[in-house]
Amino acid sequence: MKNKYDVMLILEGTYPFNGGGVSTWAHMLCNQVRNVNYTLYSINADFEQKPKYVLSENVKDVIQVPLWSPLEPQELLSYGSKKYYKAVNKKEQEDDQAIAEEFIPIFERLLAHIYNADADIEEIDDTIFDMWQFFQNHDYKKTMRSQVVWQCFCKTVTEVIEKDNHYDATLYDFTVGMRWIYRFLMPISIDVPKVDISHLTLSGFPVIPALVLKYKYGTPIMATEHGVFIRERLIAINASEYSFFLKNLLIRFSECITKLVYYKADIILSVNKFNMIWEKKYGAHPNKIDVIYNGIDADLFVPGPKPAALEGIPTVVAAARIFELKDVITMIKSCEVAKRSIPNVRYLVYGDNNAVPEYTKECLDLVKKLGLQDNFFLAGYHDKPHQLFCEGDISILTSISEGFPYTVLESMSCGIPVVATDVGGVTEALDENCGFICKPKDHESIGKSVVTLLQDEALRKKMGAAARKKVLDNFTIDKFIKEYEVAYDFLMNKKAHEPIYLNTHLEEEAMEAS
C-alpha cells in the first residue's frame, strides 16, 4: 500500500478527552480510515490529564491547547527544553516599540474587520497572515497584554459605541471582550508540525492552527461541518445573559472567522444538506461543498430484547448530553404530556449530567415541579451504548440544533423508531416510515407522537423494521469510511476551483439541475 497521508485533525472540546457525536465520528475516522495517520490538535478549556478514548495506532501524536488554563499553552506544550528556552529568550528581548509600530496597525485592521459586516475577505486573510508573521518573532503574551494594545482596543470599540449611539459598555464589558480576543487568537502563536492536510471539525476559531499550516507550508484545509458553528453560536449568544456590547462583539467576531474558514477551506464536507444553506450564506463557494453522511456499525447496533426489568413499562430512551442545545426541558414537558395518557410512562436519558450543572439543576427542578419523579430519569453514562436503545420501545431527540445525529442512526439500526425534532439533517435520515418528526420546542406534538407509538405495537414494529433497513441501505460505517478515504485522496490531487463530487447522489443532483 502507498504511504499514508499525515492529517492534523483539529477539534474543540470533544475528542479524545470528551464524548459526544463529534467524538464518535472522530474515533471512527482514527480507527478505520486506512490511508491516513492522524495528529490530534485538541483545543480544550483546561489541560486534560487523560483521554476518554483508547487511541488507535493511526494516531501518532496529540497536541493539547488549553485556551482558558491559568498556564499559557506555550508553558504546557513540550518543545524540548533547548528549543523552548531559546524561543522564549528570543521573544522576550523585543521592546515596546515593535508592538506600537508594527502590531498596533495590524490589530486596528482586525478590529475594523470585526465591526464591518462587509469587510473584504481577502483583507481579513491578509490581516491574520500579518498577525501570524508578527508572532513568529514576538511574544504573544507580552504583546496582547501590553498597554498600547489595551488602549487601542478601548479607543476602537468606544468609537463603535459612539457611532451606533444605542448602547453602553462597562469596564467589565471591555475587559471580557479583550480577554475573548486574547484567548481565541492564542493558537496563532503556537507552532504546529508539518502535515499533508489539516482537517477542521467545525467552522470557527479552531481554524487558526489550520491557517498557520496554510501560511507556513501551503497545507490544504478540509472542513467538516457537523452542527453549523455560526448557527449554534448565534443561538447560544442570543440566549446568554451577556450585555449587548459583548453579544455584538462575539457575533461579529464569530461571523468574521466563519467567513474566513469558508474562504480558506479547500473542501467543505457537510454531514447533511441542510448545512449547505448556511455555508453558502456565509460565502462558501458551491464548488467546494459536498456531503458525507455519518455512518455506524450496523453489526454492533442491532435489534435486541428489552431488559426484563423494563418489560411491561412503556419506555422512551434518549442518548443526550445534558445541555441547552439538546433542549431536555422540552423533553421533560413531553413526558408530562405522555403521562396524561400513559401514567406509567418512563423516560431514560443517558448522557453526561455534569456538562452544564446549572442546566441539569433546571431540568431536575422541572421534573419535580411537574411531578415526574417516577417517570423521568437522568440516568447518566451508559457503558454499552450499542445496548442503550434496546432498553426502550421508542427513542427521542428534542434538540434545537443538530448536524447528523448518531443517536438517530443508532436507534434506527437497533430497530427502534424515533420521535425527533426537525433540525439539521434529521429528516435526511429519519422519514415518516421510521418515526415522527416534530417542530422544535413543541412539547405537545412531541408528547402526542410518543403516545401514538407507545400505544400501537404494530406501528412500532413496522417503523422499526423500516428504520433498520434504511440504515443498512444508506448509513453503514464502511460507506462512511470509504468516502473519507476518497476525500483525502481527492484533496491531495485537487486542482484549484475544481468542483467536487465525492458522492454519486450529489453528482446526479448537479447534472439534473444543469
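Buried here means under 20% relative accessible area, and that cut-off comes up in two of the views below.

**View 1. T360, tucked into helix α14.** This is a predicted model, and the first close-up picks out one residue of it. T360 sits in helix α14, which covers residues 357-369. Its relative accessibility is 9%, so T360 counts as buried. Leaving aside residues up to four places away in sequence, T360 touches I322, N353 and L378.

**View 2. The open sheet and its seven strands.** Take the strands across the sheet and you get β3-β2-β1-β4-β5-β6-β7, paired in parallel. The edges belong to β3 (59-66) and β7 (289-291); each has a single partner strand, so one side of each is left without a neighbour in the sheet. On average, neighbouring strands of this sheet are turned by 20 degrees against each other, direction ignored.

**View 3. Where β6 meets β7.** Here we zoom in on one pair of strands. Strand β6 takes in residues 267-270, and 3 bridges join it to β7. The two run parallel. Look for S270, which stands opposite V291 in β7.

**View 4. Helix α1 lying across the strands.** Residues 21-32 make up helix α1. Which strands does helix α1 lie across? They are β1 (5-12), β2 (36-44), β3, β4 (197-200) and β5 (221-225). Set against β1, helix α1 runs at about 165 degrees.

**View 5. The largest cavity and what lines it.** The structure holds 4 cavities of 30 Å³ or more, and this view shows the largest, with about 80 Å³ of space in it. Its lining is made up of H113, I114, N116, A117, D118, A119, I124, R252, E255, C256 and K259. Sorted by class, that lining has 5 nonpolar, 2 polar and 4 charged residues. Two helices, α4 (96-114) and α11 (244-264), each supply at least two of the lining residues. Which helix gives the most to this lining? That would be α11, with 4 residues.

**View 6. N248, another residue of helix α11.** Staying with helix α11, we turn to N248, which lies in it. Buried or exposed, and by what relative accessible area? N248 is buried, at 13%. With residues up to four places away in sequence not counted, N248 touches Y115 and Y167. Along the chain, N248 and Y115 are 133 residues apart, yet their C-alpha atoms are separated by 8.9 Å.

Notes:
Residues are numbered from 1 along each chain as its sequence is written. This is a predicted model: local features need pLDDT of at least 70, side-chain atom pairs count only at pLDDT 80 or more; totals for chains, interfaces and linings use all residues. Side-chain values use heavy atoms; hydrogens and water are left out. Two strands pair if DSSP finds at least two bridges between them. Axes are lines fitted to C-alpha atoms, for helices over the stretch in contact, and angles run from 0 to 180 degrees between N-to-C directions. Contact means heavy atoms within 4.5 Å. Buried means under 20% relative accessible area, exposed over 50%, partly exposed in between (1.4 Å probe, protein chains only). On a 1 Å grid over the protein atoms alone, a cavity is a set of points where a 1.4 Å probe fits but cannot get out, and a pocket is an open set with protein on both sides within 12 Å along at least five of seven lines; lining residues have an atom within 4 Å of a point. Grid points are joined across faces, edges and corners, and a volume is the space filled by probe spheres set on the points. Ala, Val, Leu, Ile, Met, Phe, Trp, Tyr, Cys and Pro count as nonpolar, Asp, Glu, Lys and Arg as charged, and the others, Gly among them, as polar.
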